[in-house]
Amino acid sequence: EFKQQALAISSFTASKTSPQAVKTAVTFTTKVSGVTGTAQYKYYRYLNGSYAQIKDWSTNSSIEIAPSTAGKYDLWVAVKDGSGKIVKKNLAFEFKEQANLGISSFTASKTSPQPVKTVVTLTTKVSGVTGTAQYKYYRYLNGNYGIIKDWSTSSSVTIAPKTVGNY
């Protein structure tokens, strides 16, 4: 005797780990088993005390979202098959505000003043970085700006000026 396997959601997964910064695209994918006929999927979310539909019933087993509102989302998928049976599954996912980029310190390896041609390393520490930070070092001397080191991923630069002055 053949027994129909019951409709079930075998997995509901996210393409990236939680948390992510707001406006980051994340794909949520549903895998099902025991489908009679064609499976349809409906996606919605619970946030700050209210439910909102993300995508109404369709045959798409995945959705991509990139919310601009930070918060702890409770994402839901409802699956129904041709027999009318409906199953649901949820997944918690957090989107956080992007931190504000800031320079937490900018230091020199030696105290000022120093004799000309003294090797001094300038080091920058930053906070709130999204992705990879890049640094550009320049100096102001005798009324003129000059680039010491153009944009790079190096957070420090070594100088040994030959010209006397207040840099």
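1. In which loop is K117 found? In this predicted model, K117 belongs to the loop between β9 and β10. Its phi is near 70 degrees, which is a positive value in a residue other than glycine, and K117 is exposed, with a relative accessible area of 58%. As background to this point, most residues other than glycine have a negative phi.

2. The loop between β9 and β10 also holds P113, and the peptide bond that joins S112 and P113 is cis, with omega at about 0 degrees. A reader who inspects the backbone of this loop may thus wish to look at P113 together with K117. In general, most peptide bonds are trans.

3. A cis peptide bond also leads from S18 to P19, where omega is near 0 degrees. P19 lies in the loop between β1, which spans 8–14, and β2, which spans 20–21.

4. Another positive phi in a residue other than glycine is found at N48, where the angle is near 50 degrees. N48 sits in the loop that runs between β4 (40–47) and β5 (50–58). Is N48 buried or exposed? Its relative accessibility is 67%, and because exposed means over 50% relative accessible area, N48 counts as exposed.

5. The largest pocket has a volume of about 990 Å³ and is lined by 39 residues, of which F106, L122, I148, I159 and Y167 lie nearest its centre. Two or more lining residues come from each of β9 (102–108), β10 (120–127), β11 and β12. Which of the elements gives the most to this lining? That element is β11, with six residues. By class, the lining of the largest pocket is made up of 23 nonpolar, twelve polar and four charged residues.

6. On the surface, Y138, Y140, Y145 and I147 make a nonpolar patch of about 520 Å². At least two residues of this patch are supplied by each of β11 (135–141) and β12 (144–152), and these two strands are also among the elements that give two or more residues to the lining of the largest pocket. Y138, one of the patch residues, is found in strand β11 and is exposed, with a relative accessible area of 51%. That value should be read with the cut-off in mind, because a residue is called exposed at over 50% and partly exposed between 20% and 50%.

7. Strand β11 also contains K136, which counts as partly exposed at 31% relative accessibility. Along the chain, K136 and S155 are 19 residues apart, while their C-alpha atoms are separated by 8.8 Å.

8. A further pair of residues separated in sequence involves A66, which is found in the loop between β6 (62–65) and β7 (71–80). How far apart in space are A66 and V26, C-alpha to C-alpha? The distance is 6.3 Å, although 40 residues separate A66 and V26 in sequence. A66 has a relative accessibility of 40% and therefore counts as partly exposed.

Terms used. Residues are numbered from 1 along each chain as its sequence is written. This is a predicted model: local features need pLDDT of at least 70, side-chain atom pairs count only at pLDDT 80 or more; totals for chains, interfaces and linings use all residues. Side-chain values use heavy atoms; hydrogens and water are left out. Patches are made of residues with over 30% relative accessible area and no salt bridge: like charges are joined within 9 Å, nonpolar side chains (Val, Leu, Ile, Met, Phe, Trp, Tyr) within 5 Å. Accessible areas come from the Shrake-Rupley method with a 1.4 Å probe; for residues, only the protein chains shown count as cover. A salt bridge is a side-chain nitrogen of Lys or Arg within 4 Å of a carboxyl oxygen of Asp or Glu. Helices (H or I, at least four residues) and strands (E, at least two) are DSSP runs, numbered from the N terminus. Buried means under 20% relative accessible area, exposed over 50%, partly exposed in between (1.4 Å probe, protein chains only). On a 1 Å grid over the protein atoms alone, a cavity is a set of points where a 1.4 Å probe fits but cannot get out, and a pocket is an open set with protein on both sides within 12 Å along at least five of seven lines; lining residues have an atom within 4 Å of a point. Grid points are joined across faces, edges and corners, and a volume is the space filled by probe spheres set on the points. Ala, Val, Leu, Ile, Met, Phe, Trp, Tyr, Cys and Pro count as nonpolar, Asp, Glu, Lys and Arg as charged, and the others, Gly among them, as polar.
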